[in-house]
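Welcome! Take a moment to look at the protein below, and then we will walk through it together, starting with its pockets.

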Amino acid sequence: MPHNPSVRHMHHVTLVLVAIATLVSALSFAAGLWGMPLLEALRLTIRVTARQSLLLFVLAYAASALACLFAAPATRWLRQHRRSLGLAFATSHAWHLVAILTLLTLYPAQFMQLTSAATRIGGSVTYVFIAAMAATSFDATARAIGPRNWRLLHGIGGFAIWTTFLISEGK
């Protein structure tokens, strides 16, 4: 762990946000299992993790703009912890993917009925962006790809994520 207290604080915030995202995902699945068949529990988990991921993504994506528009301790905190929020989003959406893949594996006919080819292809491309953005959310990997490529990846990736959420949640 780095010796710099502010870096240690950032690591703690990241761990807490990732743990909360994981806990909410696990609890939604467990709660679903309590009173419904596995298929419905998976569908509930997919809905909960999608909405949780959307909230985390919006907070990370809008943090700088909010801090500029509404200078306040809360918006400064959001801007300061954008990376942590982004990694919590990636974690939440990883659990979302686990639920989707479990649905596909256990209930392939229902999965195909519930999704379109466009959703499956678009979602897959978006997951590649999420993984690449999460992997380059660390100082060493960001330096390795360079500032221009980092901005390009995160700009296009952010647009892809927004588009996927708009199509998926906007129906």
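## The second largest pocket

The second largest pocket has a volume of about 490 Å³. Please keep in mind as you read that this is a predicted model. Which residues should you look for in this pocket? Of the 21 residues that line the second largest pocket, Arg82, Met133, Ser137, Trp150 and His154 lie nearest its centre.

Several helices help to build this wall: helix 2, helix 4, helix 6 and helix 7 each supply at least two residues of the lining of the second largest pocket. If you sort the lining residues of the second largest pocket by character, you get 13 nonpolar, 6 polar and 2 charged.

## The largest pocket

Now turn to the largest pocket, which holds about 960 Å³ of space. Its lining is made of 33 residues, and the ones nearest the centre of the largest pocket are His96, Ile100, Thr115, Thr119 and Ser168. The elements giving two or more residues to this lining are helix 2 (38-69), helix 4 (82-106), helix 5 (108-114), helix 6 (117-135) and helix 7 (139-169).

Which helix gives the largest share of the lining of the largest pocket? That is helix 6, with 10 residues. By character, the lining of the largest pocket divides into 16 nonpolar, 11 polar and 6 charged residues.

## A salt bridge

Next, let us look for charged partners. Side chains of opposite charge can pair when their charged atoms come close. How many salt bridges are there? The count comes to 1 salt bridge. The partners are Arg83 and Asp139, and their closest N and O atoms are 2.8 Å apart. This pair links distant parts of the chain, since Arg83 sits in helix 4 and Asp139 in helix 7, 56 residues apart.

Are these two partners buried, exposed or somewhere in between? Arg83 has a relative accessible area of 40%, so Arg83 is partly exposed. Asp139 counts as partly exposed too, because its relative accessibility is 45%.

## A nonpolar patch on the surface

Some nonpolar side chains can be found on the outside of this model. Val16, Ile20 and Val24 make a nonpolar surface patch of about 230 Å². One of these residues, Ile20, lies in helix 1 (residues 5-35). Why does Ile20 count as partly exposed? The reason is its relative accessible area of 46%, because the partly exposed class runs between the buried limit of under 20% and the exposed limit of over 50%.

## Three more residues to find

Staying with helix 1, you can also find Leu33 there. Leu33 has a relative accessible area of 40%, so Leu33 is partly exposed. The C-alpha atoms of Leu33 and Leu44 are separated by 9.6 Å, and the two residues are 11 residues apart along the chain.

Phe70 belongs to the loop between helix 2 and helix 3 (73-80). Is Phe70 buried or exposed? With 51% relative accessibility, Phe70 counts as exposed, because the exposed class begins over 50%. Between Phe70 and Ala60, 10 residues apart along the chain, the C-alpha atoms are separated by 15 Å.

Finally, look for Leu97 in helix 4. Leu97 is partly exposed, with a relative accessible area of 28%. How far apart are Leu97 and Ala50 in sequence and in space? They are 47 residues apart in sequence, and 9.5 Å apart in space from C-alpha to C-alpha.

Methods
Residues numbered from 1 in each chain as written. Predicted model: local features only at pLDDT ≥ 70, side-chain atom pairs only at ≥ 80, totals over all residues. Heavy atoms only, no water. 1 Å grid on protein atoms, 1.4 Å probe; cavity = no way out; pocket = protein on both sides within 12 Å on 5 of 7 lines; lining within 4 Å. Points joined across faces, edges and corners; volume = space filled by probe spheres on them. Helix = DSSP H or I, 4+ residues; strand = E, 2+ residues; numbered from the N terminus. Nonpolar A, V, L, I, M, F, W, Y, C, P; charged D, E, K, R; others polar. Patch = residues over 30% accessible without salt bridge, like charges linked within 9 Å, V, L, I, M, F, W, Y side chains within 5 Å. Areas by Shrake-Rupley, 256 points an atom, 1.4 Å probe, with all protein chains shown as cover. Salt bridge = Lys/Arg side-chain N within 4 Å of Asp/Glu carboxyl O. Buried < 20%, exposed > 50% of the residue type's maximum accessible area, 1.4 Å probe, protein only.
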